[in-house]
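Here are some short exercises to work through with the model open beside you. Try each task before reading its solution.

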Amino acid sequence: MRVVTWNLWWRFGPWEQRQKAILAVLRELRPDVVGLQEVWSAGAENLAEWLAGELGLHWAWAPSPASERWQRRIGEPGVEVGNAVLSRWPVLDQAVLRLPAPEDLDDGRLAFHTRLAGPSYDIPFFTTHLTSSPTASGVRRQQVTALAEFVAAHRSGTDFPPVITGDFNAWPDSDEIRLFGGYKTAPAAPDQVFLDAWEYASPGAASATWDPANPYVRVAPPVRIDYIHVGPPGPSGLGHVRDVRRAGDGPVDGVWPSDHAAVVADLVSTRG
């Protein structure tokens with residue numbers, strides 16, 4: 001199963017040209033499941049719906065309850081922002097959690113759950129977008145705790161491990177990433193561990209998903225802030241990470257698709 005996570009930079013920058021570049025990258029990757037953040041919806045148009053139609057995938061969408069805070073940044077009322085899932089398999093169920101944040105930082109960040117009708121097992125799949133303020137590690141710790149509890153409430157009833165994707169806006173060695181993983185410190189939810197898929201990347205592989213080599217990124221050190229986390233493999237070895245890499249990390253016909261690079265992971269069964 002090929003999993004992708006990608007922050008699509010909403011309606012910032014040359015979004016119409018970027019939309020075509022995003023499609024080109026996803027078409028080349030041929031993913032089975034995609035977790036998307038900063039997806040736009042305007043009237044009858046929705047970026048996730050359009051991508052799903054072009055790629056022949058199912059889709060689900062969770063709008064932010066505070067899109068007006070985003071709209072003020074581009075002066076375009078009526079455009080919503082949210083998380084979305086694209087899937088090769090039908091969406092059986094879905095649920096949304098508004099992540100905790102203080103009033104001054106609360107712009108409607110979400111965790112979005114979809115249960116997918118995989119070919120052999122239901123797949124509990126999640127995508128999220130945490131608060132972005134560089135000084136908000138404490139807020140993100142609260143958010144990953146809520147996220148871990150949300151996963152715990154929706155992961156049962158299948159042998160397939162939960163897959164959690166998203167823009168965590170946090171460095172790999174940060175308190176919030178360690179807390180969510182639960183294997184370098186005490187877990188955010190009791191007895192629940194999530195493995196960072198990048199642990200299986202080739203040594204020396206380019207990992208930064210937020211990189212000033214991208215012209216949309218403000219000056220900052222290159223860092224990986226986008227993640228695919230997987231629960232420990234189930235009884236049949238389901239969910240083992242075979243390969244992980246970044247994608248969408250260069251221009252397509254002269255246009256960079258987003259200010260973030262995507263992360264791609266291939267999950268397999270270790271028992272064939």
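**Exercise 1. Find where F160 sits in the chain, and decide whether F160 is buried or exposed.**

Solution. Keep in mind that this is a predicted model.
- Step 1: F160 lies in the loop that links α4 (137–154) to β9 (163–167).
- Step 2: Take the cut-off for buried, which is under 20% relative accessible area.
- Step 3: F160 has a relative accessibility of 10%, so F160 counts as buried.
- Step 4: Look at what surrounds F160. Setting aside neighbours within four places in sequence, F160 is in contact with M1, Y121, D122, I123, P124 and L238.

**Exercise 2. Work out which element holds Q143, and which residues Q143 touches.**

Solution.
- Step 1: Q143 belongs to helix α4.
- Step 2: The relative accessible area of Q143 is 0%, so Q143 is buried.
- Step 3: Not counting residues up to four places away in sequence, Q143 touches L99, P100, A101, L130 and T131.

**Exercise 3. Give the C-alpha separations from F160 to Q143 and to A62.**

Solution.
- Step 1: Q143 and F160 are 17 residues apart along the chain, and their C-alpha atoms are separated by 24 Å.
- Step 2: A62 and F160 are 98 residues apart along the chain, with 23 Å between their C-alpha atoms.

**Exercise 4. Trace the open sheet of six strands and say which strands stand at its edges.**

Solution.
- Step 1: Read off the order, β6-β7-β8-β9-β11-β10; the pairing is mixed.
- Step 2: β6 (91–98) and β10 (195–196) each have a single partner strand, so they stand at the edges, and one side of each is left without a neighbour in the sheet.
- Step 3: Zoom in on one edge. β6 pairs with β7 (residues 110–117) in the antiparallel sense, over seven bridges.
- Step 4: For a residue pair there, D93 stands opposite R115 in β7.

**Exercise 5. Decide how the protein compares with a globular protein of its length.**

Solution.
- Step 1: Count the elements: the protein has five helices and 13 strands.
- Step 2: The radius of gyration is 17 Å, close to the 19 Å from the globule rule for 272 residues, so the protein is as compact as a globular protein of that length.
- Step 3: Add the burial figure: 57% of the 272 residues are buried.
- Step 4: Turn to the contacts. Of those with a separation of 6 or more, 72% are between residues 24 or more positions apart.
- Step 5: Finish with charge. There are 24 positive and 32 negative side chains, and the centres of the two sets lie 3 Å apart.

Methods. Residues are numbered from 1 along each chain as its sequence is written. This is a predicted model: local features need pLDDT of at least 70, side-chain atom pairs count only at pLDDT 80 or more; totals for chains, interfaces and linings use all residues. Side-chain values use heavy atoms; hydrogens and water are left out. Helices (H or I, at least four residues) and strands (E, at least two) are DSSP runs, numbered from the N terminus. The radius of gyration is taken over C-alpha atoms; the globule rule is 2.2 Å times the number of residues to the power 0.38. Buried means under 20% relative accessible area, exposed over 50%, partly exposed in between (1.4 Å probe, protein chains only). Contact means heavy atoms within 4.5 Å. Lys and Arg count as positive and Asp and Glu as negative; His and the chain ends are not counted. The place of a charge is taken as NZ of Lys, CZ of Arg, CG of Asp or CD of Glu. Two strands pair if DSSP finds at least two bridges between them.
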